[in-house]
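Reader: I'd love a close look at one part of this model, the second largest pocket. Could you walk me through what lines it, and then how the helices around it and beyond it pack?

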Amino acid sequence: MKAILITLFYQPLYNGLVFLLGSLPFADVGLAVILFTIFVKLVLMPLSKKSLETQVKLKKLEPELNEIKRQHKDVSAQGVKIMEIYKANNINPFSGFLLILIQLPIIFSLYYIFLRSGLPTINTSLLYSFVPIPANIDMHLLGRFNLAEKSIILALLAGITQFLVTWRALPPQEKKITKSGEFSLKDELAKSLNVQMKYIMPIVIIFIAYSLSAVVALYWTTSNAFAVAQEYFIRKRIYSKDKLCQICLKADT
């Protein structure tokens, strides 16, 4: 299994990064990491775009889904009504998970490349015959940050962008009071998980990013920034489309 993953995912991505370093003489490792990460994200965009669209649609339907759960206490009845809403809105709730699962080998391989790349040393045994070996590899980002060493600035950027990703992904939690006047255990657990994901995770990312080389922190920062921008534009397009549909409906009536 490991050999298959290396052959199908790790080796092609590694060759792509080395090819970029050898083909762009003006590019240092930092710029190459940014360009290469964006390129891979663009290739994966059709998959991630579909997954994000499903997430955005589900968030929009949350009030309606919560109302169904309030009206129908029976789990089977809830399931029937919820599936009717999914069908009416052309949503497959399992498609997002499947698309993420497909992307995982590529994402992990990309991360492992920057973690174990060994740059500036090139592992020639992994290179294809047509990939040029870079004559001189500059391990800096714009001549300022040495990516072979630790960088607290890049580690902080990785944590900040991780916070933005989580903040955009997680909706604010609304507390529901039970008949006894207390907050339900389910809502308290949801709030606790929300806080951990939103605030604790970025701090953990900062410590991990600083404990590794700065090239990993740069990869995380680029990947997170791309994810935030992608989610913003997809959400904006979906809501703009809905507003246009509402205007058209009003015009018809």
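Author: By class, the lining of the second largest pocket holds 14 nonpolar residues, two polar ones and no charged ones. Please keep in mind as you look that this is a predicted model. The space inside the second largest pocket comes to about 320 Å³. Its lining is made up of 16 residues, and those closest to the centre of the pocket are L13, G16, F36, F39 and V40. Two elements, α1 and α2, give two or more residues to this lining. The largest share comes from α1, with eight residues.

Now for the two helices themselves. Helix α1 covers residues 2-23 and helix α2 covers residues 29-60; their axes come within 10 Å and cross at roughly 135°. Angles over 145 degrees would count as roughly antiparallel, so α1 and α2 are instead described as oblique to each other. The crossing in which α1 passes α2 is right-handed. On the α1 side, the contact is made by L13, G16, L17, L20 and L21, while α2 brings V29, A32, L35, F36 and V40. Nine of the residues in this contact are nonpolar, one is polar and none is charged. You may recognise some names here: L13, G16, F36 and V40 take part in the contact, and they are also among the residues closest to the centre of the pocket.

Follow α2 along and you come to its packing with another helix. Helix α3, residues 62-71, packs with α2 at an angle of about 55°, and the two axes are 4 Å apart. That angle makes α2 oblique to α3. From α2, the residues in contact are L58, K59 and K60, and from α3 they are E62, P63 and L65. The class make-up of this contact is three nonpolar, no polar and three charged residues.

From α3 the path leads on to helix α4, residues 75-88. The axes of α3 and α4 come within 9 Å and cross at roughly 160°. These two helices are therefore roughly antiparallel to each other, and their crossing is right-handed. Here α3 contributes E64, L65, I68 and K69, and α4 contributes Q78, K81, I82, I85 and Y86. L65 of α3 is thus worth finding on your screen, as L65 appears in the contact with α2 and again in the contact with α4. By class, the contact of α3 with α4 has five nonpolar residues, one polar and three charged.

To come back to your pocket: its lining has no charged residues, and the contact of α1 with α2 has none either, whereas three charged residues belong to the contact of α2 with α3.

Definitions and conventions: Residues are numbered from 1 along each chain as its sequence is written. This is a predicted model: local features need pLDDT of at least 70, side-chain atom pairs count only at pLDDT 80 or more; totals for chains, interfaces and linings use all residues. Side-chain values use heavy atoms; hydrogens and water are left out. Axes are lines fitted to C-alpha atoms, for helices over the stretch in contact, and angles run from 0 to 180 degrees between N-to-C directions. Angles under 35 degrees count as roughly parallel, over 145 as roughly antiparallel, 65 to 115 as roughly perpendicular and the rest as oblique. A crossing is left-handed if the near helix is turned anticlockwise from the far one by less than a right angle, and right-handed if clockwise. Contact means heavy atoms within 4.5 Å. Ala, Val, Leu, Ile, Met, Phe, Trp, Tyr, Cys and Pro count as nonpolar, Asp, Glu, Lys and Arg as charged, and the others, Gly among them, as polar. On a 1 Å grid over the protein atoms alone, a cavity is a set of points where a 1.4 Å probe fits but cannot get out, and a pocket is an open set with protein on both sides within 12 Å along at least five of seven lines; lining residues have an atom within 4 Å of a point. Grid points are joined across faces, edges and corners, and a volume is the space filled by probe spheres set on the points.
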